[in-house]
Amino acid sequence: MGNPLRDPQDRRLPRIPEPCALVIFGVTGDLARKKLLPAIYDLANRGLLPPSFVVLGFARRDWDHGTFEQVAYDNAKAHARTPWREEVWARLAGNIKFVGGAFDDDAAFDRLNDTLNELRDTHGIGGNAAFYFSIPPSAFPTVLKQLARTGMADNEKCGGWRRVVVEKPFGTDLASAKALNDLVDDVFTGHDVFRIDHYLGKETVQNIMALRFANSLFEPVWNSKYVDSVQITMAEDVGIGTRAGFYDATGTARDVLQNHLLQLLALVAMEEPTSFDASEIRAEKLKVLRAISLPKDIHDGTVRGQYLQGWVGGERAKGYLDEDGVPADSTTETYVAVRLGIQNRRWAGVPFYIRAGKRLPRRVTEVAVLFKKAPHLPFNPTDVEALGHNQLVIRVQPDEGVVLKFGSKVPGTTMELRDIAMDFQYGEAFTEQSPEAYERLVLDVLIGDRTLFPDAAEVEQSWQVIDPLEDAWKGHKPEPYRSGEWGPRASDEMLAREGRHWRRA
Ligand code: BG6
């Protein structure tokens, strides 16, 4: 029973989930240690978890509850965003449980089921549980079958809600994504499936919708009449780290273009949803994803790169082929640039240039909307030499904010014009720090809010964009680029052929 005095529209009251358990498969992995466990602490610290809340870890380890609690403590403390408070942890500590076993071990899953049942009585979690798949996609079918076999995915049988959270990559192409969707849908009902794209949990990404649909200033010029082109950049200074096995089989296009970058594009380009209901937003994103067109000649409109050794941030960086676990003849890309079009009235003729890469000079993700130049400039040509495009730049990270660039007169005796920037920075405008993407997304899963989760159709549609690219690239080697440079020269040439250049991000 909800509190009759509580108005769900009241923003002063935090949204808090019902009593429940969060079951994490793959709790020893990087994601669980660096993101999920710290996010749980941060949520607890912000008072956003119900008192009856249990984290239940599952992994192939011979641990008891106490060992896992210590692991969770160490990782939460090392990676928490909010200040560490022992008393917050002390409240969580008794609610951290562990079940050990392999994914194909029936007895282990029976134990997991028994544990969830016991926790109803001992910890008052009711029948509610979310299962977080922080495991390699190859293990999904086995775990799903176990959840089905034991009845743990059955809402009715459990007398509560049962949800599943699936991390990307969601498949490796359209066919495998469909197969995976079918498999998940067989075990869970559609609205209990949460596909994570952690970019949607970032404040700056959600703000794209606020910027566009809460203001009257931008929307009138948000179309092909005024926009010259859009550039979306996701640059990382890091290499592939210890993820060679995953990365070499995946490449940049499947790793981040299929999901994060196409989601950014969708939010920038979509029409206004009729409401902020999850299904309305998803419908608009899907429409725009469907309208994406690939370059006629894929080799002319895309560039793949692979990093060589070099220097990044003053430190020597290995070449991709020298990374541990990467085959010496690998043709996997660590950089991708692509020119996409959107076939609708709003965007016809406006190129969307998207690039992403590892071992680039610095970490920056941004969306830049470049406006057309003024049709006529009543100034001396020399006075406007330094004038570029008006630009609206959404800085996703770091230095979160929005920058508007436009021409201004340089103070002095002549009419010299130059671009200047009007800068909104989260750090200055708001006193509170933005939550981590995973805090928001884990909370939404537990509350059952699907707004920030792509649905099956979006995921499949995104693969429709990627599959033809991957087909065309087969058998082609990526272009080399030195670590610490902005990708291969061919990427600059691709834009230069169209009279443009990449914005200095
Ligand atoms: C992940 C990719 O989805 O996003 C990684 O698999 C990438 O390769 C990471 O490093 C980047 O995330 P963020 O939030 O640091 O931009």
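**Exercise 1. Salt bridges in the whole structure**

Determine how many salt bridges the structure holds, and explain why the pair Arg-15 and Asp-449 ties together parts that are apart in sequence.

*Solution.*
Step 1. In this predicted model, the count of salt bridges is 29.
Step 2. Consider one pair: the side chains of Arg-15 and Asp-449 form a salt bridge, with 3.1 Å from N to O. The cut-off for such a pair is 4 Å, so the distance of 3.1 Å satisfies the rule.
Step 3. Locate both partners. Arg-15 belongs to the segment before β1, while Asp-449 belongs to the loop between α13 (437-447) and α14 (456-473); the pair therefore links parts 434 residues apart in sequence.

**Exercise 2. The two domains and their interface**

State where the two domains lie in the sequence, and describe the contact between domain 1 and domain 2.

*Solution.*
Step 1. According to the domain assignment, domain 1 covers 4-167 and domain 2 covers 200-496. Their C-alpha centres are 33 Å apart.
Step 2. Count the residues that meet: 22 residues of domain 1 are in contact with 15 residues of domain 2.
Step 3. Consider the area. About 1600 Å² is buried between domain 1 and domain 2, and 64% of it is on carbon and sulfur atoms.
Step 4. Turn to the polar side of the interface. Between domain 1 and domain 2 there are 5 salt bridges, and 8 residue pairs are in polar contact across the interface, both residues being at pLDDT 80 or more.
Step 5. Identify the elements of domain 1 involved. Those giving two or more residues to the side that touches domain 2 are β1 (20-25), α1 (30-45), β4 (129-133) and β5 (162-166). Of these, α1 gives the most, with 6 residues.
Step 6. Classify the residues on that side of domain 1: 15 are nonpolar, none is polar and 7 are charged.

**Exercise 3. The surroundings of the ligand**

Name the residues that come nearest to the ligand, and give the distance from an oxygen atom of the ligand to a polar side-chain atom of Lys-202.

*Solution.*
Step 1. There are 13 residues around the ligand, and those that come nearest are Tyr-199, Lys-202, Glu-236, Asp-255 and Gln-397.
Step 2. For Lys-202, a polar side-chain atom is 2.6 Å from an oxygen atom of the ligand.
Step 3. Two further side chains may be added. An N or O atom in the side chain of His-198 lies 2.8 Å from a ligand oxygen atom, and a polar side-chain atom of Arg-243 is 2.9 Å from an oxygen atom of the ligand.

Methods: Residues are numbered from 1 along each chain as its sequence is written. This is a predicted model: local features need pLDDT of at least 70, side-chain atom pairs count only at pLDDT 80 or more; totals for chains, interfaces and linings use all residues. Side-chain values use heavy atoms; hydrogens and water are left out. Domain bounds come from an automatic or database domain assignment. Contact means heavy atoms within 4.5 Å. Buried area is the accessible area (1.4 Å probe) that two parts lose on being put together, summed over both. A polar contact is a pair of N or O atoms within 3.5 Å; within protein, one must be able to donate a hydrogen and the other to accept it, and residues adjacent in sequence count only if both atoms are side-chain atoms. Helices (H or I, at least four residues) and strands (E, at least two) are DSSP runs, numbered from the N terminus. Ala, Val, Leu, Ile, Met, Phe, Trp, Tyr, Cys and Pro count as nonpolar, Asp, Glu, Lys and Arg as charged, and the others, Gly among them, as polar. A residue is near a molecule or strand if one of its heavy atoms lies within 4 Å of it.
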